[in-house]
Amino acid sequence: MTLTDRFAEAMARVLDGARPDRLCVAVSGGSDSLALLALTCDWAGRGTAVEAVTVDHGLREGSAEEAAQVAEEAQRLGADHTLLHWQGWDGTGNLQAEARQARRRLIAEHCKAEGIDAVLLGHTQDDQAETLLMRLARGSGVDGLAAMREGRMGRDLFLRPLLAETRADLQAYLTARGMTWASDPSNDDPRFDRVRVRRAIDALGLDPARLAETARAMDRAREALDRRAEDVANRVATDRAGIIAFDIQGLAGTEAETRLRLVAHALKCLSGAPYRPRLRALENALAAAMAGQAGTLQGCHLMPYRETLLICREYSAVAGLEVAADGTAWWDNRWRIQAPDHPAATIRALGDSGTAQLPRPEGLPQAALTALPGVWQGDNLLAVPQFHHPERITATPAPWASFHRTILSH
């Protein structure tokens, strides 16, 4: 079977048999994404409009020229091209991780504005293998070692139809078409983990196909563990719209892997973090909480209270957040609230002043309430969506923040 035939089969899977009017392809100019663009344009024919999107991080010389080359190649292939810019790097943290998250965010925002439902990414079998080894070196558990998923349109924005293909095959495909690709100098910079892992795979003679198969096996294990976590969550967890309460006795009677999985998922739902916390930090925080000691992790409190373990947002993580209560902006990326009768109202965390104006809900300590969103008119608390919700003040929680509903799709 040819590469184009395999690609057509992969597209049928990721698009779930649909044929969208428009598709977005993330294109850096490297071989993987450029091959993806060419394959997509051939597949689309005249039935689907293809738009290539390039994010220029502005971090090195030549990036603007490479983006211009992508625009020229897209035009030649019959695709539109959009250039997005990121200027958020402050010189600290993990550069590649920050840049990757910025790309995803910018592209997602662009697609939302343009009404595009699917973005194709050029991840390959080689990326699967490299990611597995990188996470293995970091001591990741099952979730970290599980394969990247192809994704499905309607459930996922980002889709990966090239996961079964090798970088070498894609480069051979481009060469046969007379197409050249850009080479990012960072791909040869040993300061980056992925470059060192890539070199180790070559030096040790490891087979990327077998490593990718291991990642897929771990993905099957992840799915089984998620099913188990869903079953336990239905018995031991209560989502109180911003505060997740676990029955401590029920949690203690559950195997360690499921306990960790449930608490990690709660932390992600409340904090909006793209990844679960590091395994060692999660183990230590949960062990302390189960022993009755409160703690913080990933912008959240782990708070033993009576017979429950409460997971709630940490006040210091949201104390400076304030947006208009006009239904247009997300507060803490989790709540959108509209108060049409109060045009000057804003959304901000309750804090001590807000909780003092709110009758304490049964079964919750005051400390668990301070980071909840309140609708304020100056210093006057108008509403708290979870517990005090007057008529004509409407609150919409983000779908991904629902604890039970998202266990199997996190």
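Accessible areas here come from the Shrake-Rupley method with a 1.4 Å probe. The model is predicted.

**Exercise 1. The surface**

Task: State what area the chain exposes and what share of it carbon and sulfur atoms supply.

Solution.
- Step 1: Take the area. The chain exposes about 20100 Å².
- Step 2: Take the share. Carbon and sulfur atoms supply 48% of that area.
- Step 3: Turn to the residues. Of the 410 in the chain, 47% count as buried.

**Exercise 2. The overall fold**

Task: Count the helices and strands of the chain, then judge its compactness from the radius of gyration.

Solution.
- Step 1: Count the elements. The chain has 14 helices and 16 strands.
- Step 2: Compare two radii. The radius of gyration is 24 Å, close to the 22 Å that the globule rule gives for 410 residues, so the chain is as compact as a globular protein of that length.
- Step 3: Add the extents. The C-alpha trace spans about 70 × 50 × 40 Å along its principal axes.
- Step 4: Look at the contacts. Among those with a separation of 6 or more, 66% join residues 24 or more positions apart.

**Exercise 3. The charges**

Task: Give the number of positive and negative side chains, and say how far apart the centres of the two sets lie.

Solution.
- Step 1: Count the charges. There are 47 positive and 54 negative side chains.
- Step 2: Locate the two centres. They lie 4 Å apart.

**Exercise 4. An aromatic pair**

Task: Find the aromatic pair, classify its geometry, and explain which parts it ties together.

Solution.
- Step 1: Count the pairs. The structure holds one.
- Step 2: Name the partners. They are F246 and F403, 5.8 Å apart from centre to centre.
- Step 3: Check the angle. Planes over 60 degrees apart count as edge-to-face. The planes of F246 and F403 stand at 80 degrees, and the pair is edge-to-face.
- Step 4: Place the partners. F246 sits in strand β7 (residues 243-247) and F403 in the segment after β16 (394-397), so the pair ties together parts that are 157 residues apart in sequence.
- Step 5: Check burial. Buried means under 20% relative accessible area. F246 is buried at 0%. F403 is also at 0% and counts as buried.

**Exercise 5. Two positive phi angles**

Task: Compare R306 and D332. Which loop holds R306, and which holds D332? Is R306 buried or exposed? Is D332 buried or exposed?

Solution.
- Step 1: Recall the background. Most residues other than glycine have a negative phi.
- Step 2: Read the angles. R306 has a positive phi near 55 degrees. D332 has a positive phi of about 55 degrees.
- Step 3: Find the loops. R306 is in the loop between β9 (300-305) and β10 (308-313). D332 is in the loop between β11 (322-324) and β12 (335-338).
- Step 4: Judge accessibility. R306 counts as exposed at 65%, whereas D332 counts as buried at 10%.

**Exercise 6. Neighbours in space**

Task: Place G47 and Q125, and list what G47 and Q125 touch beyond four places away in sequence.

Solution.
- Step 1: Place G47. The loop between α2 (31-44) and β2 (49-56) holds this residue.
- Step 2: List its partners. G47 touches P20 and D21.
- Step 3: Add a distance. G47 and R19 are 28 residues apart in sequence, yet 7.8 Å apart from C-alpha to C-alpha.
- Step 4: Place Q125. Helix α5 (residues 125-137) holds this residue, and Q125 counts as buried at 11% relative accessibility.
- Step 5: List the partners of Q125. They are L162, L163, A164, E165, T166, P208, A209 and A212.

Technical notes
Residues numbered from 1 in each chain as written. Heavy atoms only, no water. Helix = DSSP H or I, 4+ residues; strand = E, 2+ residues; numbered from the N terminus. Rg over C-alpha atoms; globule rule 2.2 N^0.38 Å. Buried < 20%, exposed > 50% of the residue type's maximum accessible area, 1.4 Å probe, protein only. Contact = heavy atoms within 4.5 Å. Lys, Arg positive; Asp, Glu negative; His and termini not counted. Charge placed at Lys NZ, Arg CZ, Asp CG, Glu CD. Phe/Tyr/Trp six-rings, centres within 6.5 Å; stacked < 30°, edge-to-face > 60°.
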